[in-house]
Amino acid sequence: VVAAKPQAVSSVKPKVFNIPALIYHKTPDNFEEQLIVLRDRGYTTINMSELNSIIRGNITAPSKPVAITFDDGFSDQLRAFELLKKYNMKATFYIITGGELSNWCIGADRKNLPCGDQYMNWGEIKSLQNSGLIEIGSHTLDHLSLPNQSLAVQRDQIIRSKKILEEKLGTTITSFAYPYGRLNDTVANIVKEAGYTNAVGTVENSVMSLDLIYNLPRLRSTLKLP
């Protein structure tokens, strides 16, 4: 009997990138100043699908790439959109679609108008997408802390929000943001199985790799970038 040869263990480590991804919610008062800083320091803005392709080795990173991201889809973010257009910069906006578990108080399908913040409507979201500068990603139906929900609710929040966005916008949605940055292995696996290629949390870092593709870190301060 010939003994089976032991399988060689790969020593190849995933490639690591230092690419800042910036997180915003409401439009900062100094957002234009921040965009000017990015421009003057030689950064090239990319969306999260492009960042995903860089990490996976499908495209080459531009010089000094940076990803700008906005969570939630507040109508206030239209101010940021106008500035992004002014400076011809890309960004990714993660949209809450809205649903019954949040009492229709939040998101693009918000119906309970006396409660909650103001959110962009579908026409405004389409205008972002049609600009050619903005990628739309999913931020679930109801912005629940996913690890605290049942498996059925987790799946519904992750999968149905993707389908709604795709139906409303006529495009494939591949980027996802975890509400509150909260996740566990089960949640991350559902995100992957749903067909998203990447997902972001709220860990403060700029180190990107394939190992982190379903929990990519983000930074909160543009002005601290080199």
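**Exercise 1. Threonine 97**

Determine whether threonine 97 counts as buried or exposed in this predicted model, and describe its surroundings.

*Solution.*
Step 1. Threonine 97 belongs to the loop that runs between S5 and helix H4 (122-130).
Step 2. The relative accessibility of threonine 97 is 0%. Buried means under 20%, so threonine 97 counts as buried.
Step 3. Leaving aside residues up to four places away in sequence, threonine 97 touches Gly107, Ala108, Asp109, Trp122, Thr140, Leu141, Ser161, Ile164 and Leu165.

**Exercise 2. The disulfide**

Locate the disulfide that a search of the whole structure finds, and describe its geometry and setting.

*Solution.*
Step 1. The search of the whole structure yields one disulfide. Its partners are cysteine 105 and cysteine 115, with sulfur atoms 1.9 Å apart.
Step 2. Both cysteine 105 and cysteine 115 lie in the loop between S5 and H4, 10 residues apart.
Step 3. The angle about the S-S bond is -110°, and the link of cysteine 105 and cysteine 115 is left-handed.
Step 4. Cysteine 105 and cysteine 115 are each buried.

**Exercise 3. Strand S4 and its partners**

Establish how many residues of strand S4 (residues 65-72) are buried, and work out how S4 is paired and connected.

*Solution.*
Step 1. In strand S4, eight of the eight residues are buried, so the strand is largely enclosed by the rest of the structure.
Step 2. Strand S2 (residues 21-24) pairs with S4 in the parallel sense, over four bridges. In this pairing, alanine 21 stands opposite alanine 67.
Step 3. Strand S3 (residues 44-46) also pairs with S4 in the parallel sense, here over three bridges. Isoleucine 46 stands opposite alanine 67 of S4.
Step 4. Strand S5 (residues 91-95) runs parallel to S4 and is joined to S4 by four bridges. Aspartate 72 has isoleucine 95 in S5 as its bridge partner.
Step 5. The connections can now be added. A right-handed β-α-β unit is made by S3, helix H2 (residues 48-55) and S4. Another right-handed β-α-β unit consists of S4, helix H3 (residues 77-86) and S5.

**Exercise 4. The buried residues of H4**

Identify the buried residues of H4, and state how they are arranged about the helix axis.

*Solution.*
Step 1. The buried residues of H4 are Trp122, Ile125, Leu128 and Gln129.
Step 2. Viewed down the axis of H4, these residues fall within an arc of 115°, so they line one face of the helix.
Step 3. The general rule behind such a pattern is that an α-helix has 3.6 residues a turn, so residues three or four places apart point the same way.
Step 4. The cover over the buried residues of H4 includes H3, S5, strand S6 (134-138) and helix H5 (151-169).
Step 5. Next come the ends of the helix. Asparagine 121 caps the N-terminal end of H4, with a side-chain oxygen 3.1 Å from the backbone nitrogen of glycine 123. Just after H4, glycine 132 adopts a positive phi of about 80°.

**Exercise 5. Positive phi in lysine 64 and tryptophan 104**

Find the phi values of lysine 64 and tryptophan 104, and place each residue in the structure.

*Solution.*
Step 1. Most residues other than glycine have a negative phi.
Step 2. Lysine 64 has a positive phi near 50°. Lysine 64 is in the loop between H2 and S4, and its relative accessibility of 33% makes it partly exposed.
Step 3. Tryptophan 104 has a positive phi near 55°. Tryptophan 104 lies in the loop between S5 and H4, and at 25% relative accessibility it counts as partly exposed.

Note on methods. Residues numbered from 1 in each chain as written. Predicted model: local features only at pLDDT ≥ 70, side-chain atom pairs only at ≥ 80, totals over all residues. Heavy atoms only, no water. Buried < 20%, exposed > 50% of the residue type's maximum accessible area, 1.4 Å probe, protein only. Helix = DSSP H or I, 4+ residues; strand = E, 2+ residues; numbered from the N terminus. Pairing = 2+ DSSP bridges. Right-handed = clockwise from strand over helix to strand, strands pointing away. Contact = heavy atoms within 4.5 Å. Disulfide = S-S within 2.5 Å. Arc of directions from axis to C-beta. Polar contact = N/O pair within 3.5 Å; in protein donor to acceptor, adjacent residues only side chain to side chain.
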